[in-house]
Amino acid sequence: MSIKSLGRAVIAALTALLAVVASLVVAAPAQAAPTVATRVASYAAGPATVTRGKPITVQGQAQRLNGRTWANTGTVKAVVYFDPDGAKPNAAVRTVNSNTKGFVRTSFTASVSGKWTLRIVSTGTLKASSTGQRYVRVVAPPRPTRPTSAAPISKLNCPAWAPIKGNQGRPEWIYHLPGQRSYNVTAPEACFSTEGAAQRAGYRRARN
């Protein structure tokens, strides 16, 4: 067989093989894109200012466009995004299912300030949609305040942290400081941690 004949035979064989392969390949049907518009109604994240460790609630209702009106979507998935002051934009933090009327509600423990967003996940017919961002400011819990007064622990004694004795004598209420001459024999009706606390309660300092 000549080289030219051999080349024609090889080309014919390859053409036949390609035809067989093509007959075995079944093209996957194109998946239709979602066509129904959606939105999240009554979206909220808050409270606007919350103490660290307290709950932050993210909520809203997924709705679909039905003609010219908005209707319930039924159960859908939604993703909550959190951006802690620009450090992690569009970071997904939780995926949740709505109820059968499209309501979504979930809570987080407040740790840092940032922006919250809720996004409906697309389905075969529903388009995805996102809310605007809601900023929640997280503040430190208030420092616990120490008491400034207490009841006596016995007839003649006050607690160590509130040693100033308040004596409700007549015509004046008088407080006695440790070291004053009458301190040890004074029977207090109230005890104070500072002179200011005693004075605010209506007592004046003993003269001896």
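**Exercise 1. Determine whether Ala87 is buried, partly exposed or exposed in this predicted model, and state in which loop Ala87 is found.**

Solution. Begin with the relative accessible area of Ala87, which is 59%. The cut-off for an exposed residue is over 50%, so Ala87 counts as exposed. Next, place the residue along the chain: Ala87 is found in the loop between β5 (77-83) and β6 (91-97). Finally, consider Gly114, which stands 27 residues from Ala87 along the chain, and whose C-alpha atom is separated from that of Ala87 by 9.1 Å.

**Exercise 2. Classify the ring pair of Trp173 and Tyr203 as stacked, tilted or edge-to-face, and work out which parts of the chain the pair ties together.**

Solution. A pair of aromatic rings is described by the distance of the centres and the angle of the planes. The rule for a pair asks for centres within 6.5 Å, and by this rule the count comes to 4 aromatic pairs. For Trp173 and Tyr203 the ring centres are 5.0 Å apart and the planes stand at 40°. Planes under 30 degrees apart would count as stacked and those over 60 as edge-to-face, so the pair of Trp173 and Tyr203 is tilted.

Now locate the two residues: Trp173 lies in the loop between β12 (164-167) and β13 (174-176), while Tyr203 lies in the loop between α2 (195-200) and β15 (204-205), so the pair ties together parts that are 30 residues apart in sequence. As a last step, compare their accessibility: Trp173 is partly exposed, with a relative accessible area of 38%, whereas Tyr203, at 6%, counts as buried.

**Exercise 3. Identify the residues that ring pairs link into a cluster with Phe108, and find which residue lies over the face of Phe108.**

Solution. Following the ring pairs gives a cluster of Phe82, Phe108 and Trp116. Turning to charges over rings, Arg94 lies over the face of Phe108, at 4.0 Å from the ring centre. Another such arrangement involves Lys165, which lies over the face of Tyr183 at 4.4 Å from the ring centre.

**Exercise 4. Examine the backbone at Pro47, Pro171 and Ser42, and place each residue in its element or loop.**

Solution. The bond joining Gly46 and Pro47 is a cis peptide bond with omega of about 20°, and Pro47 is found in the loop between β1 (38-46) and β2 (49-51). The peptide bond from Arg170 to Pro171 is likewise cis, with omega near 10°, and Pro171 is found in the loop between β12 and β13. Ser42, a residue other than glycine, has a positive phi near 55°; Ser42 has its place in strand β1 and, at 67% relative accessibility, counts as exposed.

Definitions and conventions: Residues numbered from 1 in each chain as written. Predicted model: local features only at pLDDT ≥ 70, side-chain atom pairs only at ≥ 80, totals over all residues. Heavy atoms only, no water. Phe/Tyr/Trp six-rings, centres within 6.5 Å; stacked < 30°, edge-to-face > 60°. Helix = DSSP H or I, 4+ residues; strand = E, 2+ residues; numbered from the N terminus. Buried < 20%, exposed > 50% of the residue type's maximum accessible area, 1.4 Å probe, protein only. Lys NZ or Arg CZ within 6 Å of the ring centre and 35° of its normal.
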